[in-house]
Structures are given as C-alpha cells and as structure tokens.
Amino acid sequence: MNELNGLWKDIKEMEHGTVRTEMLKSAIKEADRIGDYDDKMKFRLELMEECCFYGDDLQVLLLMPEVLQLYDGHIVVESYDVYLYDIIWNYKWVLSTAVDYYQVSREQFEAMAEDFKRRCLENGYSLRAYHAHKSSFYRYIDKEIAEKEFQMFLKTPRDSISDCKACEQNREVSYYLFTH
C-alpha cells in the first residue's frame, strides 16, 4: 500500500484554505521524494484546484509547467494517462488566470494557448475552450482578435471540456457587456 494514501484521505477530508494548501505542498514534496508518478500528479492537480478556487490563483500558473513536464515524460513511456482529462481541464484555468496578471505577456499567453490547442487536437477535443479563452484574453488588448475568437467560440461544437451551459452563457453576456 502506498504510504501517501492516508495523507490523501486526510487532505480530501480537510476544509479548503491555507492549511489544506500547505498540506498539499508537503504531500507534493513527499511524492517527489518517493517518485511515484500517480502521487506526483494527483497532489499537483489537487493543489491547482485548491489554489484556483480557495487560494492564490497565481500558483495555478506556476504549477502547470510542472504538471505538463510530468505528463510529457510519462506519456513517452505509457501510451495513455488517466490524468489527461484533468490536465486539459486545469489548463483552461491557466488560460483563464493569465488574463488577471500583467506579468503574463501576450507572447507568453500565445505560447500557452497554442500548447493547449495542440494538446486538445492531439487528444480529440474541440477547440471551443481555446477560442473562449483567447477571446477573453484579447478583449482587453485587441478587440478585433477578441471578436474573431468569440465568433469561433460560438461556432465550435461543445464537448466534454466545454464549460457548463450556464458558465458559457455567463461568458457570452460578459463579452457583450464588455464590448458593446
């Protein structure tokens, strides 16, 4: 039995917030020490979610390169990864969060967006989320690109990585309020 299973159970039962975040960071260090891929990935993805919704969403931006490096190294050895869907889903949080940080340049955002797009296409996902997040990013700096991406978002079919219909409706209303 994996020695981190008990820690995982304890963390899952904790309230969200600073203590849980610190426990997840400690768990990542221990998973790295042990070297188990599943634990390394599981705790990082959980920390990303915790930071996205209950903590410092800048950490989401900082954790994603680690997650992608782990995944890319693992997928070379294995032909399938059970974490793929979660990684793609969390990548959407990265693109969404990038809008809030002036430190993320246009070039950096484009590189992340293109990497996200490539991963979506390689794994059979729609580009609806890609267009949605590009539209959100560019609405602050280039209204022409924002409009083009927004129209592509509306035209691209929904799939399992699309936001729920209510969230997408919110995105549409927000876009129209911001641009009109």
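Is Glu-168 buried or exposed? At 6% relative accessibility, Glu-168 counts as buried, because the limit for that class is under 20%. The structure shown above is a predicted model. This briefing considers the packing of two helices and then several salt bridges, with Glu-168 taking part in both topics.

**Packing of helices α7 and α9**

- Two packed helices are described by the angle between their axes and the distance between the axes.
- Helix α7 covers residues 128-138 and helix α9 covers residues 165-179; the two pack at an angle of about 30°, and their axes lie 11 Å apart.
- Angles under 35 degrees count as roughly parallel, and α7 and α9 are therefore roughly parallel to each other.
- The crossing in which α7 passes α9 is left-handed.
- On the α7 side, the contact involves Arg-128, Ala-132, His-133, Ser-135 and Ser-136, which meet Glu-168, Arg-171 and Tyr-175 of α9.
- By character, the residues of this contact between α7 and α9 comprise two nonpolar, three polar and three charged.

**Salt bridge of Glu-168**

- Side chains of opposite charge can pair when their charged atoms come close.
- Glu-168 forms a salt bridge with Arg-158, in which the closest N and O atoms are 2.9 Å apart.
- Glu-168 belongs to helix α9 and Arg-158 to the loop between α8 and α9, so this pair ties together parts that are 10 residues apart in sequence.
- Whereas Glu-168 is buried, Arg-158 is partly exposed, with a relative accessible area of 38%.

**Salt bridges between distant parts of the chain**

- The side chains of Asp-163 and Lys-92 form a salt bridge with an N to O distance of 2.7 Å.
- This pair links distant parts of the chain, 71 residues apart: Asp-163 is in the loop between α8 (143-155) and α9, and Lys-92 is in helix α5 (residues 84-98).
- Asp-163 counts as buried at 19% relative accessibility, and Lys-92 is buried with a relative accessible area of 3%.
- Another salt bridge joins the side chains of Glu-46 and Arg-20, at 2.9 Å from N to O.
- Here too the pair links distant parts of the chain, with Glu-46 in helix α3 (residues 37-54) and Arg-20 in helix α2 (residues 18-34), 26 residues apart.
- Glu-46 and Arg-20 are both buried.

**Salt bridges across the model**

- The count of salt bridges comes to 22.
- Asp-72, Asp-115, Arg-118, Arg-119 and Glu-122 are joined into one network by salt bridges that share partners.

Key. Residues are numbered from 1 along each chain as its sequence is written. This is a predicted model: local features need pLDDT of at least 70, side-chain atom pairs count only at pLDDT 80 or more; totals for chains, interfaces and linings use all residues. Side-chain values use heavy atoms; hydrogens and water are left out. Axes are lines fitted to C-alpha atoms, for helices over the stretch in contact, and angles run from 0 to 180 degrees between N-to-C directions. Helices (H or I, at least four residues) and strands (E, at least two) are DSSP runs, numbered from the N terminus. Angles under 35 degrees count as roughly parallel, over 145 as roughly antiparallel, 65 to 115 as roughly perpendicular and the rest as oblique. A crossing is left-handed if the near helix is turned anticlockwise from the far one by less than a right angle, and right-handed if clockwise. Contact means heavy atoms within 4.5 Å. Ala, Val, Leu, Ile, Met, Phe, Trp, Tyr, Cys and Pro count as nonpolar, Asp, Glu, Lys and Arg as charged, and the others, Gly among them, as polar. A salt bridge is a side-chain nitrogen of Lys or Arg within 4 Å of a carboxyl oxygen of Asp or Glu. Buried means under 20% relative accessible area, exposed over 50%, partly exposed in between (1.4 Å probe, protein chains only).
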